[in-house]
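Work through the exercises below with the sequence and coordinates open. Try each task before reading its solution.

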Amino acid sequence: MPKKNPAPQQCLTNFENIEPLFNQEFGTNDPIFPEWTLERMPRNVNIKRIKLGKNQMLGRWLYGSYNTKGKFRCLKCIKSGIVDNDATWSSAYTTILCRAYYGPDTDEYGQDWIGGWIQMKVFAQQCTKCDEYVTVELDNQKCQNFVTWLHRWIAHKFYGYPLPSFGYRGKKSDGPHLANRCEACHAGWCHFHGNKSQNKKFLIKE
Ligand SMILES: [Zn+2]
Ligand SMILES: [Zn+2]
C-alpha cells in the first residue's frame with residue numbers, strides 16, 4: 001500500500017519556521033558557517049541554569065539565552081469556548097535557550113563528522129485559566145531576529161567576532177510578569193528582572 005502523505009499542518013512549529021531561516025543565515029550571510037546544524041533540544045537535556053559553571057558551559061556545550069516578545073494562545077481554552085482575549089496573552093519575557101558545540105560527532109550511520117551543533121528550546125508559559133503549558137507563536141520577523149542573534153552569538157563565541165547587543169530586553173512598563181507561570185523563570189533563564197528571588201524559591205522547594 002502506498003504511504004499516505006501526512007496531512008498538511010495548519011501552522012508550522014517555531015522550529016520549522018526557524019530552521020530554513022537558520023540555513024539561509026549561516027549558509028549565505030558573511031561570515032558563513034555552513035558546517036553548523038540546528039536541532040531541537042532533546043527532551044532529556046537538563047536545562048537548569050544552576051547546574052552550569054561560570055563560563056556557561058556544561059560538558060562540551062556552551063549555553064546562551066535569547067529574549068524576545070511573544071504571543072501565546074491557549075488552544076485548549078479556545079477549544080473549550082473561552083473567548084480568545086482571555087486565552088491569549090503576550091509576554092515581553094519570552095525565552096529561547098540555545099546550546100552549542102563545535103567538534104567531532106557521529107551521525108546516525110556511524111560516520112564521524114567535524115561540525116557545529118546548536119540545540120534550541122523555546123520555553124513555554126502556563127495558561128492562567130487552565131494551567132496548560134503553551135508554546136509561544138513567533139512571527140516571521142521574530143524568528144529572523146532570533147536567527148540573526150544566533151549567527152552573531154556563534155561568530156562571537158566560537159570565532160572571536162565582536163557581539164553587538166541583541167534581543168528585546170523588556171521594560172519595567174511592560175506590566176507584571178507571572179514568573180511562577182514561566183518555564184524560563186523556573187529554569188533560571190528568564191531575562192525578567194525579578195527572577196532572582198524566584199530562583200531562590202525554586203531552589204528551596206527542590
Ligand atoms: Zn488555557
Ligand atoms: Zn520568566
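The exercises go from the whole chain to the sheet, the helices and the metal sites.

This is a predicted model, in which local features need pLDDT of at least 70, side-chain atom pairs count only at pLDDT 80 or more, and totals for chains, interfaces and linings use all residues. Residues are numbered from 1 along each chain as its sequence is written, chains are lettered from A and ligands numbered from 1 in the order in which they are written, and side-chain values use heavy atoms, with hydrogens and water left out.

**Exercise 1. The chain as a whole**

Task: list the secondary structure of the protein chain and its order.

Solution. Helices (H or I, at least four residues) and strands (E, at least two) are DSSP runs, numbered from the N terminus. The protein chain has five helices and seven strands. Read from the N terminus, the order is α-β-β-β-α-β-β-β-β-α-α-α.

Next, take burial. Buried means under 20% relative accessible area, exposed over 50%, and partly exposed in between (1.4 Å probe, protein chains only). Of the 206 residues in the protein chain, 39% are buried.

Last, take contacts (heavy atoms within 4.5 Å). Among those with a separation of 6 or more, 70% join residues 24 or more positions apart.

**Exercise 2. The sheet**

Task: give the strand order of the open sheet and find its edges.

Solution. Two strands pair if DSSP finds at least two bridges between them. The sheet has five strands in the order β1-β5-β4-β3-β2, and its pairing is mixed. Its edge strands are β1 (36-40) and β2 (57-58), each paired on one side only.

Now walk across the sheet.

- β1 pairs with β5 (residues 112-122) in the parallel sense, over five bridges. Leu38 has Ile118 in β5 as its bridge partner.
- β5 and β4 are antiparallel, with 11 bridges. Arg99 stands opposite Gln119 in β5. The β4-β5 hairpin has five residues between the strands, and Gly110 takes a positive phi near 85 degrees there.
- β4 and β3 are also antiparallel, joined by 11 bridges. Tyr66 has Ile96 in β4 as its bridge partner, and Thr68 stands opposite Thr94 in β4.
- β3 and β2 pair antiparallel over two bridges. Leu58 is matched with Trp61 in β3. Two residues separate the strands of this hairpin, and Gly59 in the turn has a positive phi of about 60 degrees.

Check the burial of β3: 10 of its 13 residues are buried.

**Exercise 3. Helices on the sheet**

Task: find what α1 and α3 pack against, and test the length of α3.

Solution. Axes are lines fitted to C-alpha atoms, for helices over the stretch in contact, and angles run from 0 to 180 degrees between N-to-C directions. Helix α1 (residues 14-28) lies across β1 and β5, at about 175 degrees to β1. Helix α3 (residues 140-159) packs on the sheet and touches β1, β3 (61-73), β4 (88-106) and β5, with its direction at about 170 degrees to that of β3.

Then test the length. The expected span of a helix is 1.5 Å times one less than its number of residues. For the 20 residues of α3 this gives 28 Å; the end C-alpha atoms are 27 Å apart, which agrees.

Finally, look at burial. The buried residues of α3 include Phe146, Trp149, Leu150 and Trp153. Their cover includes α1, β1, β3, β4 and β5.

**Exercise 4. The zinc sites**

Task: name the donors at each zinc ion and classify the geometry.

Solution. Donors are N, O and S atoms within 2.8 Å of the metal (3.2 Å for Na, K and Ca); water is not among the atoms, so sites may look incomplete. Four donors count as tetrahedral if all angles lie between 85 and 135 degrees.

Start with ligand 1. Cys74, Cys77, Cys127 and Cys130 coordinate this zinc ion through SG at 2.3 Å. The angles are 101 to 114 degrees, so the arrangement is tetrahedral. The spacing is C-x2-C-x49-C-x2-C. Cys77 lies in helix α2 (residues 75-79) and Cys127 in the loop between β6 (125-126) and β7 (133-134), so the pair ties together parts that are 50 residues apart in sequence. Both Cys77 and Cys127 are buried.

Now ligand 2. The donors of this zinc ion are His177 (NE2), Cys182 (SG), Cys185 (SG) and Cys190 (SG), at 2.1 to 2.3 Å. Angles of 104 to 121 degrees make the arrangement tetrahedral. The spacing is H-x4-C-x2-C-x4-C. His177 is buried at 10% relative accessible area, and Cys185 is buried at 1%.

Key:
Tetrahedral: all angles 85-135°; square planar, octahedral: opposite > 155°, others 65-115°.
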